[in-house]
2 protein chains.
Amino acid sequence: MTTIKDIASAAGVSVSTVSHALSGNRPISEPTRARVLAAVAALGYRPNKLAQGLVSKTTRSLGLLVPDLANPFFSAMAEALEVQAHERGYSVILCNTNLDAEREADYLDVLLSRQVDGLLYFPGTSVPNRALQAALEKQIPVVVVDEQIAHVPGVFVDNVGGGRQIGELLAGLGHHRILFLGGAEALPTVQDRLRGLRSSLYSAFNGTDTAVELLLRFGAYRASFGYETVHDCAREGLLGHAAVDAPTAIVAANDLIALGALRALRELSIQVPQECSLVGFDGLEFTMLTTPSLTTVQQPTGLIANSAIELLIDRIDVSLDHRDDYPAARLAPQVVHPVSLVVRESVAAAPGR
Amino acid sequence: MTTIKDIASAAGVSVSTVSHALSGNRPISEPTRARVLAAVAALGYRPNKLAQGLVSKTTRSLGLLVPDLANPFFSAMAEALEVQAHERGYSVILCNTNLDAEREADYLDVLLSRQVDGLLYFPGTSVPNRALQAALEKQIPVVVVDEQIAHVPGVFVDNVGGGRQIGELLAGLGHHRILFLGGAEALPTVQDRLRGLRSSLYSAFNGTDTAVELLLRFGAYRASFGYETVHDCAREGLLGHAAVDAPTAIVAANDLIALGALRALRELSIQVPQECSLVGFDGLEFTMLTTPSLTTVQQPTGLIANSAIELLIDRIDVSLDHRDDYPAARLAPQVVHPVSLVVRESVAAAPGR
DNA sequence: CACGTTCATCAAAACGTTTTGACGAATTGG
DNA sequence: CCAATTCGTCAAAACGTTTTGATGAACGTG
């Protein structure tokens, strides 16, 4: 590896002159700078980030803690976040927590010892997070993505609004018996989506003599949950051609669940959407390839990534400026993005109406 | 941040003693070591990897250059690679090259200046790769994943064998007019899969009076390519109910293309598999959720990741041991994994047979 | 022309580690 | 009981940068 010393001797100047010429931190005469740059180009010099980081106390790297890259929503978010970070000169260290608290703690250690400037954190789980708390205590800037956590800066979407849009669509089509397939029951996103759905259904049918029936099942953000639960319901007589008062629509808390449900419905030869409508959440690319194509709520992954990175870098800058201040109780900004319902083939008017 | 000095003074020993106590590099008496460990625990000391890297010339970090995380095959691979790397104490720096040569070069710079110990490289594109060459010249260990590149260590699957298995399945079911939807024409994976398919078809029908007709289209590893090409073919009269001698099966070079094709076939109301069989490649999780579920060739992502990391770390160790040797012409080991055909609903006997 | 400025450059310290040569103290062997 | 060895520890150098106080040369000013 060629170092700054090599450049210095090649250009016949001191090490500090090279540093100044490259950083612009102090004025350097034009001819000298030219000689330095020529030497840099000739020797293919590349500053060692480790050494830079050691003295500057800043590494321009971010830790990305994501529960499960196999979930396309997370991989889409990871991609968008990495692109945004790179545009701003930050590198991303990828960490697959697999929803495992121990791994999370482990990764946090690694990231801290690697001196990352900030953390992008996807909870993906509902347990009040020890690793997150530890990070916050270490005074390292953290932005939580996708979930809202009190007193921690975060970026997420209007899950209640998304649920409401689904409810309004379904209510307008006469659906009032609905099966909701949630993820983990304690997850705020799941609860919020359900809340929006419920409130819009009740207010739509309020004053009419139609009763809203909302059947709830909780599990995990996985296709297998949707698949198995639909089959379970059929076995229990809640769903299927023999069922009386079967739900006329299924709302899944995310697209993966919906995809699993779709498969099960197919196996049960329940026609979607004629006999049962189906709605997902996330707006995965795949949802437009299924048959029927899936009605879903589109998450603006690019925007989320954009504001998450922006928020995080802001906080990093602040914490750099005030390195030795008292840890003043700072506000925890939270950015909420709107979502939009994408209506596709999987939704139709409630049968018998 | 608490440093090794803090530990030293807290334990009442010298800095080097702390270092030795922690690394085990030199014997330290039991009582002293205990005092050191107690201080470490009490102060929450975490060695600074930057400083460690600076002196040890090794960072225990790998660069992962991946073309497109939105492609689930790549995100699955990224996940598996990260998990394997983490198990071996390595961190992964994620880089989304987006198939853009300039971004690739850019990332290579970043990774080198971050002193990564090695590179995991997914070509994803066919251009003889400048960035890769540059990396190799820099003497940094590289393992190419998913494509075979001459003289560069790599891990990939038996694409020819995969193609052959598809061909054998289809030939056995009487398919001899087949549409092949490739990715980029110059991609070795595409060519290999095609080669396997072609050879098995020819040898199956060799000696019979049935002619093999293989229709080829090339594009990109994207769902949109499959979707549009099927529609194009229909418009050209090659596909559809009006077509004479329409292919009875479509083989896509990967699952994304197959999924796009499936959607288009549906829109054209061509029954899969009754009128047209469909086969993909990769074994994405989604392929079992489609209707009909997709016959595909399963890639062993975990195994690929495992051997890629192993190969890379081997090379890292070698290059560390021989740091100042002549750059001896080393062999470029290549690991090939077998693939297995997963037969699902999307394939049936050729119509009219 | 002497004086204070500005300008360009240099030398040295610092960042947090690991590594290694050195040095007393304790232990062993004859 | 003395020499030789081992043991435990320390101090200092090194890694590749940035930062900063110092220094000398050129310059404008009165």
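Here's a quick briefing on how two protein chains meet each other and a DNA strand. Keep in mind that this is a predicted model. Chains A and B share an interface that buries about 5000 Å², and 28 residues surround DNA strand D.

**Around DNA strand D**
- Among the residues closest to the strand are A:N25 and A:R26 from one chain, plus B:S14, B:T17 and B:T32 from the other.
- Helices α2 (15–23) and α4 (49–56) of both chain A and chain B each supply at least two residues of the surface near the strand, with α2(A) giving the largest share, four residues.
- That surface is a mix of eleven nonpolar, 13 polar and four charged residues.
- Sugar or phosphate makes up 58% of the strand's atoms within 4 Å of the protein, and bases make up the rest.
- B:T17 puts a polar side-chain atom 2.5 Å from a phosphate oxygen, while B:S16 has one 2.8 Å from a base nitrogen.
- A:N48 uses its backbone instead: an N or O atom there sits 3.3 Å from a phosphate oxygen.

**Where chains A and B meet**
- On chain B, 51 residues are in contact with 52 residues of chain A.
- Carbon and sulfur atoms give 56% of the buried area.
- You'll find 27 residue pairs in polar contact across the interface, as well as four salt bridges.
- One salt bridge joins the side chains of B:R46 and A:D109, at 2.3 Å from N to O.
- The chain B side has 22 nonpolar, 15 polar and 14 charged residues.

**A strand pair across the chains**
- Strand β2 (residues 91–96) of chain A runs antiparallel to β2(B), joined by three bridges.
- Within this pair, A:V92 stands opposite B:L94.

Definitions and conventions
Residues numbered from 1 in each chain as written. Chains lettered and ligands numbered in written order. Predicted model: local features only at pLDDT ≥ 70, side-chain atom pairs only at ≥ 80, totals over all residues. Heavy atoms only, no water. Near = heavy atom within 4 Å. Polar contact = N/O pair within 3.5 Å; in protein donor to acceptor, adjacent residues only side chain to side chain. Nonpolar A, V, L, I, M, F, W, Y, C, P; charged D, E, K, R; others polar. Contact = heavy atoms within 4.5 Å. Buried area = accessible area lost by both parts, 1.4 Å probe. Pairing = 2+ DSSP bridges.
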